[in-house]
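Work through the exercises below with the sequence and the model open. Try each task before reading its solution.

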Amino acid sequence: MAELTLGSLFDGLGGWQLAALHNGVRPVWSSEIEAFPMAITKKHFPDTLQLGDITKIDGATLPSVDIICAGSPCQGLSISGKGKGLNDERSGLFRKAIDIVRRMRTA
């Protein structure tokens, strides 16, 4: 069986990457904007390509992967987001993740 690969959007502290490694899946790239979580994942997953800000990623240019995980911000979907839903600038980033996947599939 061929090795499976992973891309992680809104990577945080690398939970998806850790789960992948524990299940024989190789993390290839991740996207995170916060400096502290990025420093943690750089230390623990040095072979993972760090992409940074999701709003600056073009899915057509990413290395192809078998699995894409995305734990997008949910503040706008909760009471703390004042009911803005996907119109909240943070929660609305979910749409960017979908766009990245679409561009990867058509590239």
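**Exercise 1. Place T41 and decide whether it is buried or exposed.**

The model is predicted. Start with the element: T41 lies in helix α2, residues 35-44. Next, take its relative accessibility, which is 1%. Buried means under 20%, so T41 counts as buried. Now list its contacts, skipping neighbours within four places in sequence. T41 is in contact with D11, G12, L13, G14 and Q17, and also with P46 and Q50.

**Exercise 2. Follow one of those contacts, G12, and find which residues it touches.**

G12 sits in the loop between β1 and α1 (15-22). Its relative accessible area is 22%, so G12 is partly exposed. Leave out residues up to four places away in sequence. G12 then touches E32, P37 and T41. Take P37 for a distance check. G12 and P37 are 25 residues apart in sequence, yet their C-alpha atoms are 5.5 Å apart in space.

**Exercise 3. Test whether the length of helix α3 agrees or disagrees with its residue count.**

Helix α3 covers residues 93-106, which is 14 residues. At 1.5 Å a residue, the helix should span 20 Å. Its end C-alpha atoms are 20 Å apart, so the two values agree.

**Exercise 4. Identify the buried side of α3 and what covers it.**

First pick out the buried residues of α3: K96, A97, I100 and M104. They cover an arc of only 105° around the axis, so they lie on the same side of α3. Then turn to the face pointing away from that buried side. It carries the exposed residues R102, R105 and T106. Last, look at the cover. The elements over the buried residues of α3 include β1 (4-9), β2 (25-30) and β4 (67-70).

**Exercise 5. Describe the largest pocket by its volume and its lining.**

The volume of the largest pocket is about 300 Å³. It is lined by 16 residues, and F10, E32, I33, P73 and L93 are the closest to its centre. Sort the lining by type: five residues are nonpolar, seven polar and four charged.

**Exercise 6. State the order of helices and strands along the chain, then its overall burial.**

Count the elements: the protein chain has three helices and four strands. Along the sequence they follow the pattern β-α-β-α-β-β-α. For burial, 37% of the 107 residues count as buried. Finish with the contacts. Among those between residues at least 6 apart in sequence, 49% join residues at least 24 apart.

Methods
Residues are numbered from 1 along each chain as its sequence is written. This is a predicted model: local features need pLDDT of at least 70, side-chain atom pairs count only at pLDDT 80 or more; totals for chains, interfaces and linings use all residues. Side-chain values use heavy atoms; hydrogens and water are left out. Helices (H or I, at least four residues) and strands (E, at least two) are DSSP runs, numbered from the N terminus. The expected span of a helix is 1.5 Å times one less than its number of residues. Buried means under 20% relative accessible area, exposed over 50%, partly exposed in between (1.4 Å probe, protein chains only). The arc is that of the directions from the helix axis to the C-beta atoms. Contact means heavy atoms within 4.5 Å. On a 1 Å grid over the protein atoms alone, a cavity is a set of points where a 1.4 Å probe fits but cannot get out, and a pocket is an open set with protein on both sides within 12 Å along at least five of seven lines; lining residues have an atom within 4 Å of a point. Grid points are joined across faces, edges and corners, and a volume is the space filled by probe spheres set on the points. Ala, Val, Leu, Ile, Met, Phe, Trp, Tyr, Cys and Pro count as nonpolar, Asp, Glu, Lys and Arg as charged, and the others, Gly among them, as polar.
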